[in-house]
Amino acid sequence: MDKELNISIAGAKRLSFRKAIKKFFLVDKLTSPLGYTMLFLITSLIGAGIAKFGVIFGILVLVGSIAIPLVYGLVAYPRFGIIVFLIMAYLIMWILRIGVPFPLGTLMDGMEGLFILSLFINQKKKKDWSLFKGPVTIMILVWIVYNLIEAINPTADSQMAWLFTVRSVAIVMFMYFIFQYYITTKKFIQLVLKLWIGLAFFSAIYAFKQEYFGFFPFEEAYLHSSPVIEQLLFIGGVWRKFSIFSDPVAFAYNMVSASLLCIGLLTGPISRKKKLILSSLVAFFLFVMLSSGTRGAYVLIPAALLLLAVLKYSKKILMVVSIAGVFLAILILIPTSNPTLYRFQTAFRPNEDASFNVRKINQKRIQPYILSHPLGGGLGATGTWGQRFSPYSYLANFPPDSGYVRVAVELGWLGLLIFCILMFTVLKTGIDNYYKIRDPDLKSYCLACVLIVFALNVGNYPQEALVQFPTNVYFYLVLALIMVTMRLDKQQNGTEGVSK
């Protein structure tokens, strides 16, 4: 009895202490003699630190004052953290190009680590791994483990290349579990999708500015910083636009994804006003996408519309797709001297494209290597990291120019097989869920996600579609939403009072 009384008193003391702290900082906001004294001491210490160590001390204090609440917010309020993470993933390349001297890539890795920590803390309180059951989860875990095993690939020329590459290929995939665990209501899904569309609109406006009003000085400096950049981005007397992203390919594919998101939402039970807004956004996204000069992106919308016509078979959908097909045919066949439109037309006549023919030759040349190396040449063996860590290797200067080819070269035909099974599993699960979901809102969200996954997988052949920010984050958001929409629909149909 005494022991229980002591525990009760201790709990009451802790509770009263928390209330006192909350009142001191949040209610009174330090407006007391003790508060004024504390502020005086803190400002005096900061002033003394700046006087002794210089401005660097002040910058560290400023960073700390932002970082500490942010870290706490990520762990204690993971939904807030998800919003911050999604915004950062969209803006990170733009911030880096502006010239902000801060390791933002490491910051993103740190945020991912905090999310994982938060997940395990919550799971310790409430052990429930049922959310992660299913074939998609199994295949994602298989893919992550396979990428980790590549660290001891005996045919790899550099383990450092693996270390720098695994972050964007496998570690980021853990965000699938974070998204699936913390996105638990329809309302939060709507917030995330609105955020996505808003960020896409900002990037589209930015590209429009680049196309018709020119580049900012820091962008001009980037364009002329290397002959290689000029060779890749100055085509036919016109600069390819990249908006806030790392390159024109990332820009174009993000415009495709945002367009398909809007198209998917158009199939839901929304007002005419919202349908008009979404339709206008689709037109605007696709219009500015043309300025990227990315041929691989041009075929993705027609491919996704064909899938839409199959999945949502109706006279209305067939009519819309048919009208879009006629309009597309006119754009492809109409004679033009406009370099942007001509580049669009060549996307549907690949055999007339010199760069496409060079890629076919390169892929044919590398086939014997792929067949003789089931584990591949190791993560990061090609591209930037290969040239940095193993510049004299066979693969260092090989241009994969394709997400699937890169997987086959770096992870071998076994890795390519696992990757293809993963994507097939995701698409099959998404299509199954779409037909099973009863809630019309959740159904439209799931359909949008399926269209995006399908389009990005088609686009992963002519380009590398899944490794650059923000696609490498938003792709796993889409995968998680395919599962979350099904789970929420089951809850709504099986349990009363579930939050929408």
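Q: What makes a stretch of this chain a helix or a strand?
A: Helices and strands are DSSP runs, numbered from the N terminus, with at least four residues for a helix and at least two for a strand. The model here is a predicted one.

Q: Where is Ser243 found?
A: Look in the loop between strand 2 (238-239) and helix 12 (248-266).

Q: Why is Ser243 called buried?
A: Buried means under 20% relative accessible area. Ser243 has 0% relative accessibility, so it counts as buried.

Q: What does the side chain of Ser243 reach, and what makes that a polar contact?
A: That side chain reaches the backbone oxygen of Ser203 at 2.6 Å. A polar contact needs N or O atoms within 3.5 Å, so the pair fits. Setting aside residues up to four places away in sequence, Ser243 also touches others, including Arg97, Tyr206 and Phe251.

Q: Why is Phe389 called partly exposed?
A: The middle class sits between buried, under 20%, and exposed, over 50%. Phe389 comes out at 23%, so partly exposed is the right label. You'll find Phe389 in helix 19 (residues 383-389).

Q: Which residues is Phe389 in contact with, leaving aside neighbours within four places in sequence?
A: Those are Ser158, Met160, Ala161 and Phe164. Met160 is 229 residues apart from Phe389 along the chain, yet their C-alpha atoms are separated by 6.9 Å.

Q: What makes Tyr212 fit the exposure rule for a patch?
A: Patch residues need over 30% relative accessible area, and Tyr212 has 47%, so it passes that cut-off. Tyr212 joins Phe208, Phe213 and Phe287 in a nonpolar surface patch with about 450 Å² of accessible area together. Helix 9 (residues 186-213) gives the most to this patch, with three residues.

How values were computed. Residues numbered from 1 in each chain as written. Predicted model: local features only at pLDDT ≥ 70, side-chain atom pairs only at ≥ 80, totals over all residues. Heavy atoms only, no water. Buried < 20%, exposed > 50% of the residue type's maximum accessible area, 1.4 Å probe, protein only. Contact = heavy atoms within 4.5 Å. Polar contact = N/O pair within 3.5 Å; in protein donor to acceptor, adjacent residues only side chain to side chain. Patch = residues over 30% accessible without salt bridge, like charges linked within 9 Å, V, L, I, M, F, W, Y side chains within 5 Å. Areas by Shrake-Rupley, 256 points an atom, 1.4 Å probe, with all protein chains shown as cover. Salt bridge = Lys/Arg side-chain N within 4 Å of Asp/Glu carboxyl O.
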